[in-house]
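Please open the structure in your viewer and keep the sequence panel visible beside it. The tour below moves from one selection to the next and says what is found at each stop.

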Amino acid sequence: MKPVRILFVCLGNICRSPLAEGVMRDLAQKAGHGQAISVDSAGIGAWHVGAPPDQRSISVAKAHGIDIAALRGRQVSAADFAAFDLILGMDMSTVRDLSVLAPPAMAGKVHLFMRYATGRAGDVPDPYYEAADVFEALYQILEAGCLSLLARLEVRAS
Ligand code: 4NP
């Protein structure tokens with residue numbers, strides 16, 4: 001497979017994007033694409049720089065056999081637009097913010113995650129103020145999206 005570097009971006013980089021990072025890395029490794037697909041995550045905001053993922057994201061990942069506890073929050077930076085091939089925002093608000101930050105030549109790398117992955121537009125909703133049970137639904141959304149993303153990348157590579 002053609003190597004691809006993917007950056008998942010949400011608002012805080014503690015709930016959605018680190019979970020997406022863990023899920024995508026796991027799926028890529030299981031599909032034998034662990035070398036070709038590199039994955040990272042970042043946040044629009046700086047509130048959680050250096051912090052581990054939200055405990056609810058760590059727990060739901062763990063329940064599905066994925067360890068994201070060692071990830072640490074970071075803010076998206078100008079250098080990311082050169083360092084990654086695909087910059088996937090979790091919702092339209094994130095995509096708008098990324099589009100403002102992106103150097104014009106790099107704007108084509110920015111996409112809404114679900115639209116890029118599945119062809120159908122849709123936000124991955126912000127779960128931060130939701131109850132813990134919302135995180136299982138979040139996991140299911142991200143797993144389905146990442147499976148579609150993997151399939152799209154495999155088609156692109158073939
Ligand atoms: P995330 O969730 O964008 O999925 O990481 C949030 C985490 C923190 C905040 C907002 C959303 N916050 O306002 O601190």
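What follows is a walk through a predicted model, with a selection to make at each stop.

**The annotated span**

Begin by selecting residues 4-152, which an unreviewed UniProt entry annotates as "domain: Phosphotyrosine protein phosphatase I". The C-alpha atoms at the two ends of this span lie 12 Å apart, and the span is 42% helix and 14% strand.

**The ligand and its shell**

Next, select the ligand together with the residues around it, which are Cys-10, Leu-11, Gly-12, Asn-13, Ile-14, Cys-15, Arg-16, Trp-47, His-48, Asp-126, Pro-127 and Tyr-128. Sorted by class, this shell holds 7 nonpolar, 3 polar and 2 charged residues. With the ligand's oxygen atoms in view, look for a polar backbone atom of Asn-13, which is 3.2 Å from one of them, and then for a backbone N or O atom of Ile-14, which lies 3.0 Å from a ligand oxygen. From a side chain comes a further approach, in which a polar atom of Asp-126 lies 3.5 Å from an oxygen atom of the ligand. Taken alone the ligand exposes 350 Å², of which the protein buries 93%.

**Asn-13**

Keep the ligand shown and select Asn-13, which sits in the loop between β1 (4-10) and α1 (16-30). Is Asn-13 buried or exposed? Asn-13 counts as buried because its relative accessible area is 2%, and the cut-off for that label is under 20%. Show its side chain, and you will find a polar contact of 2.9 Å with the side chain of Ser-41, while another polar atom pair, also at 2.9 Å, links the side chain of Asn-13 to the backbone nitrogen of Arg-74. Leaving out residues up to four places away in sequence, Asn-13 touches Pro-18, Ser-41, Ala-42, Gly-43, Arg-72, Gly-73 and Arg-74.

**The annotated active site**

Now select Cys-10, Arg-16 and Asp-126, to which the unreviewed UniProt entry gives the annotation "active site". These residues are spread over 117 residues of sequence, yet they cluster in space, with a largest C-alpha distance of 8.4 Å.

Take Cys-10 by itself, and you will see that it lies in strand β1. Cys-10 is buried, because its relative accessibility is 1%. Apart from residues up to four places away in sequence, Cys-10 touches Arg-16, Ser-17, Ala-42, Gly-43, Ile-44, Met-90 and Thr-94.

Turn then to Asp-126, which is found in the loop between α5 (113-118) and α6 (134-157). Asp-126 is described as partly exposed because its relative accessible area is 33%. The side chain of Asp-126 reaches the backbone nitrogen of Tyr-128 at 2.9 Å, and, not counting residues up to four places away in sequence, Asp-126 touches Leu-11 and Arg-16.

**Met-90**

From Cys-10 you can step to Met-90, one of the residues that Cys-10 touches. Met-90 is placed in the loop between β3 (86-89) and α4 (92-101), and it counts as buried because its relative accessibility is 0%. Its contacts, leaving aside neighbours within four places in sequence, are Phe-8, Val-9, Cys-10, Arg-16, Ala-20, Leu-112, Phe-113, Asp-123, Val-124 and Leu-142. If you also select Pro-104, 14 residues from Met-90 along the chain, you will find their C-alpha atoms separated by 21 Å.

**Helix α2**

For the last stop, select helix α2, residues 55-63, whose buried residues are Ser-57, Ile-58, Val-60 and Ala-61. In an α-helix there are 3.6 residues a turn, so residues three or four places apart point the same way. At the N-terminal end of α2 is a cap made by Asp-54, which has a side-chain oxygen 2.8 Å from the backbone nitrogen of Arg-56. The helix is followed by Gly-65, whose phi is positive, near 80°.

Within α2, pick out Ser-57, which counts as buried because its relative accessibility is 0%. What does Ser-57 contact, leaving aside its neighbours within four places in sequence? Ser-57 is in contact with Ile-14, Cys-15, Leu-19, Ile-68 and Phe-135, and Ile-14 and Cys-15 are also among the residues around the ligand.

Definitions and conventions
Residues numbered from 1 in each chain as written. Predicted model: local features only at pLDDT ≥ 70, side-chain atom pairs only at ≥ 80, totals over all residues. Heavy atoms only, no water. Helix = DSSP H or I, 4+ residues; strand = E, 2+ residues; numbered from the N terminus. Buried < 20%, exposed > 50% of the residue type's maximum accessible area, 1.4 Å probe, protein only. Polar contact = N/O pair within 3.5 Å; in protein donor to acceptor, adjacent residues only side chain to side chain. Contact = heavy atoms within 4.5 Å. UniProt positions renumbered as here; feature names shortened; annotations may be inferred. Near = heavy atom within 4 Å. Areas by Shrake-Rupley, 256 points an atom, 1.4 Å probe, with all protein chains shown as cover. Nonpolar A, V, L, I, M, F, W, Y, C, P; charged D, E, K, R; others polar.
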